[in-house]
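Me: I am new to this structure and would like a close look at a single part of it, namely its salt bridges. Please take me through them with care, one pair after another.

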Amino acid sequence: MKEIKQPTYIDALIPITVLVSLLGAAVFLFGDNSSSGPNQIALLFATFTAALIGLKNGYTWKTLEEAMIKGITISLGAILILLMVGALIGTWLLSGTVPTLIYYGLQIIDPQWFYAASCLICGIVAMSIGSSWTTAATIGVALLGVATGLGLDHVVTAGAVISGAYFGDKLSPLSETTNLAPAVAGADLFDHIQHMLWTTVPSFVIALIIFLVMGFNAEVSSEAHQIEAIVSILQANFNISLVMLVPLIVLLTLAIRKMPAFPAISIGAVIGAVWALLFQGDLIAKQVEVGQGELIGQFKLVWQTFFAGFSIDTGDTKMNDLLSGGGMASMLTTTWLVMTALMFGAIMEKTGLLEMFVKSILKVARRTGSLIAATIATCIGTNAVAADQYIAIVVPGRMFKEEYKKRGLKAVNLSRTLEDGGTITSPLIPWNTCGAYMQSVLMVNPFDYAFYAFFNLINPVLAIVYAYLGIKILKIKPKHLEDSAE
């Protein structure tokens with residue numbers, strides 16, 4: 001058996017250089033379409049480069065292939081959710097759930113408060129259900145529709161949705177990442193949440209203030225004066241009433257009751273289909289192909305909505321774009337991106353190339369401030385390289401855990417830092433599972449909305465400032481002092 005060699009820093013840099021170069025070329029050549037194929041090819045070439053280095057260092061192809069397969073396996077749960085979210089969006093458009101949310105949103109929300117209100121609403125919903133993904137796919141999609149109706153910037157709106165969704169997700173005890181971070185660091189869940197408040201709440205308040213200022217200074221286009229026309233289109237094509245919100249209420253209830261995301265979203269999609277049959281008969285009748293029987297035509301249309309989404313012709317191009325979409329097929333490009341990204345991350349971790357960066361970072365992180373800054377940088381880097389927020393929490397958590405203990409730092413410092421750097425930066429990277437998902441749902445490129453996801457940008461910076469100033473950095477008390485305190 002061939003002896004496995006330790007990788008060098010040059011080994012680790014080569015695939016990263018290939019990836020960054022190809023991703024840059026993809027964005028330059030294809031622009032916003034880079035996530036529709038070019039980024040996937042870049043990730044595949046970077047994966048092959050890392051695999052060649054692994055072979056050079058003594059790994060067998062079978063070992064590397066097993067690592068890639070395992071990496072893809074990790075993403076299967078997310079892929080199932082992705083596909084079902086596509087179905088949910090399709091059936092909720094057909095059932096009138098999303099149009100109803102847009103209808104009432106246009107009448108209730110003032111344009112000046114819209115960005116801040118969007119951020120706050122998504123924050124409350126995400127904290128209640130513990131899922132940024134579900135929040136973005138339901139409330140977020142509707143808010144983008146409202147933004148279009150009000151003539152406001154959809155990219156800024158996407159930034160507000162992301163900010164709110166990840167704020168709520170980060171602090172919710174129902175969230176997977178909120179449970180994962182303390183588990184990896186060895187901290188108590190509620191101690192972890194309490195410790196996160198010190199960096200998370202101020203960051204969110206600052207983000208809300210920025211959104212308020214932007215809202216009051218936003219140039220509302222002439223479309224804002226066409227709200228009546230938009231409302232008329234909605235009423236002409238859909239049966240609009242509060243009853244149409246039942247699928248949303250059921251989904252949120254299931255999430256609050258801690259039902260896993262896949263079955264909860266599946267039930268939400270099915271209820272959307274049932275609601276479409278019960279309440280959108282006129283709309284379905286217009287969509288049924290000529291020559292088909294009524295029952296067969298309705299059944300076929302609803303079935304088609306699950307996999308191909310919903311399409312409507314209202315006579316207005318912008319409204320057609322707003323009210324059409326969804327379907328499992330719409331998520332296939334994102335699924336491809338997720339799989340190729342995780343293949344690359346799996347090879348980098350298996351061959352020890354990812355660990356090389358962490359070792360080099362620890363050599364320069366000699367003080368508490370630089371250690372926490374290094375942890376955040378590693379989480380962000382892992383999000384970019386391994387392309388998954390769970391890996392960006394687990395890998396740095398494992399690698400830095402003993403170092404935090406050696407320096408007398410409580411586990412909650414590490415768990416908070418893993419979230420400050422890992423959880424909330426994941427949607428800012430287009431090829432990360434979270435960034436790819438948000439783009440597929442909100443239809444806005446992460447490279448665009450990243451500039452307006454103020455909470456996600458501010459939180460890591462504030463965490464580093466706290467670290468260097470020694471604010472809320474908890475130390476482990478010597479055993480004899482703990483005993484005397486008792």
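Reply:

**The salt bridges**

In this predicted model, the side chains of Lys-170 and Asp-420 meet in a salt bridge, with a distance of 2.8 Å from N to O. Lys-170 belongs to helix α8, which covers residues 154-171, while Asp-420 belongs to helix α21, which covers residues 411-423, so this pair ties together parts that lie 250 residues apart in sequence. Lys-170 and Asp-420 are both buried.

A second pair to look at is Glu-402 and Lys-405, which form a salt bridge whose closest N and O atoms are 4.0 Å apart. Here the two partners sit in one helix, α20 (residues 389-406), and because they are 3 residues apart there, about one helical turn separates Glu-402 from Lys-405. Glu-402 is partly exposed, its relative accessible area being 45%, and Lys-405 is likewise partly exposed, with a relative accessible area of 49%.

Glu-403 takes part in a further salt bridge, in which its side chain meets that of Arg-407 at 3.0 Å, again from N to O. Glu-403 has a relative accessible area of 19% and is therefore buried, since buried means under 20%. Arg-407, in turn, has a relative accessibility of 22% and so counts as partly exposed.

These three pairs, Lys-170 with Asp-420, Glu-402 with Lys-405 and Glu-403 with Arg-407, are among the 4 salt bridges counted in the model.

Methods. Residues are numbered from 1 along each chain as its sequence is written. This is a predicted model: local features need pLDDT of at least 70, side-chain atom pairs count only at pLDDT 80 or more; totals for chains, interfaces and linings use all residues. Side-chain values use heavy atoms; hydrogens and water are left out. Helices (H or I, at least four residues) and strands (E, at least two) are DSSP runs, numbered from the N terminus. Buried means under 20% relative accessible area, exposed over 50%, partly exposed in between (1.4 Å probe, protein chains only).
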